[in-house]
Amino acid sequence: MNTKVKRQILDKIKEYNKIIISRHIRPDGDCIGGTKGLKAILELTYPEKEIYLVNSDYSEYLAFLGGEDSQFEDDFYKDALVIVLDTASTDRISNPKYNLGKELIKIDHHIDIKPYGDLSWVENLRSSLCEMIVDFYDTFKDELKINGEAATYLYTGMVTDSGRFRHNSVTGATLRLAGLLLDVGVDTEWLHANLKMEDYDYLVFKAYALGQVKLTENGVAYIYVDKAMQERFGLSREDASAAVAFAENVKGSLIWAAFIDNADGSIRVRLRSRFLHCNDIGEHWRGGGHECACGATLYSVDEIHALLAEADAKLKAYKETHEGWL
Ligand code: AMP
């Protein structure tokens, strides 16, 4: 699938001696794993090339995967190929200099509402960006090299973005490509321990926050992690954002959300659904993402209520016209 554009991307990679890889802001396991995995594959295969990871933010909970490179002067970019991974729109690219390169490539698995790049490979039905990078490796395995380090980065993204291989975007191909990585060598016990372990203080926050999950009339579950709650429990941005998981498994609640106060006064929305799509709601509120997992940005509590009313109406209509959900 998409062999032509993949071949064009590999040809571009071969053409350039300097490659700068970037990703989206507020990074998750998929974009960190994907950028680091691609870098490791390219460094192994082309030791003579300069490959850099340049971004402007990081996520503390992924520090176990290691760091990235520092930003360069503008001039450094002029003979570089820039590859941006896992980022649907340019406003979410974590490297403000992404456009200074000689050419730009987009590789992504989000719905392509705002295309960019001289070359673009987007497959929005893939369970993760990392799955695409493994597929890229698999397509050209006679030309590319991989090792345990690269496999671990990529497996991290596959595991995290697919909800531990639970989401319905997981296909036979997903598991075959994950199997390829396990064959190369991934310490899954080490990886899952790093992903799963939490501080005792976080457990205390979780116990409190579970009691703060609320339901709309027709069953949209939500939690609002406002500034006061964040201060009371000393939460990092990631800790606060992880609260979306607390609203996930309520019976009859097919749409769930977390609202998180940002430092700049805006409100981050993390929206999820099962059986029905919710990305139209995310897109309506200045966001986007996947059909059943998307984000948005709000600017007032009134907007929280308005978004919830929209989600509630959608859920009501779905329940009235469908059977078999739980
Ligand atoms: P999150 O809740 O941040 O994990 O986001 C779920 C998915 O939606 C991820 O794939 C994000 O990259 C994407 N996403 C989140 N926020 C936005 C946004 N404001 N615009 C576009 N995509 C988003």
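Q: By class, how many residues of the shell around the ligand are nonpolar, polar and charged?
A: The shell has two nonpolar, six polar and five charged residues. Here Ala, Val, Leu, Ile, Met, Phe, Trp, Tyr, Cys and Pro count as nonpolar, Asp, Glu, Lys and Arg as charged, and the others, Gly among them, as polar. The model is predicted: local features need pLDDT of at least 70 and side-chain atom pairs pLDDT 80 or more, while totals for chains, interfaces and linings use all residues. Residues are numbered from 1 along each chain as its sequence is written, and side-chain values use heavy atoms, without hydrogens or water.

Q: Which residues around the ligand come nearest?
A: H110, R268, R270, R272 and G288 do so, out of 13 around the ligand. A residue is near when one of its heavy atoms lies within 4 Å.

Q: What makes the approach of R92 to the ligand a polar contact?
A: A polar side-chain atom of R92 is 3.2 Å from a ligand oxygen atom. A polar contact is a pair of N or O atoms within 3.5 Å, so this pair qualifies. By the same limit, the 3.1 Å between a ligand nitrogen atom and a polar backbone atom of G288 qualifies. An N or O atom in the side chain of H290 also lies 3.2 Å from an oxygen atom of the ligand. The protein covers 87% of the 470 Å² of accessible area (Shrake-Rupley, 1.4 Å probe) that the ligand has on its own.

Q: Which strands each supply at least two residues of the shell around the ligand?
A: These are β9 (267–273), β10 (288–289) and β11 (293–298). Strands are DSSP runs of E with at least two residues, and helices are runs of H or I with at least four.

Q: How do you know that β7 and β8 pair?
A: Five bridges join β7 (residues 221–225) to the parallel β8 (residues 255–261). Pairing needs at least two DSSP bridges, and therefore these strands pair. Within β8, A257 is the bridge partner of Y222. Helix α11 (residues 301–321) packs on this sheet, touching β7, β8, β9 and β11 (heavy atoms within 4.5 Å). The direction of α11 makes about 170° with that of β8, for N-to-C axes fitted to C-alpha atoms, over the stretch in contact for helices, on a scale from 0 to 180 degrees.

Q: Why are β6 and β10 called edge strands?
A: In the open six-stranded sheet, the order is β6-β7-β8-β9-β11-β10, with mixed pairing. Both β6 (214–215) and β10 pair on one side only.

Q: What is the order of the open sheet of five strands?
A: The order is β2-β1-β3-β4-β5, with parallel pairing. Its edge strands are β2 (50–53) and β5 (119–122).

Terms used. Polar contact = N/O pair within 3.5 Å; in protein donor to acceptor, adjacent residues only side chain to side chain.
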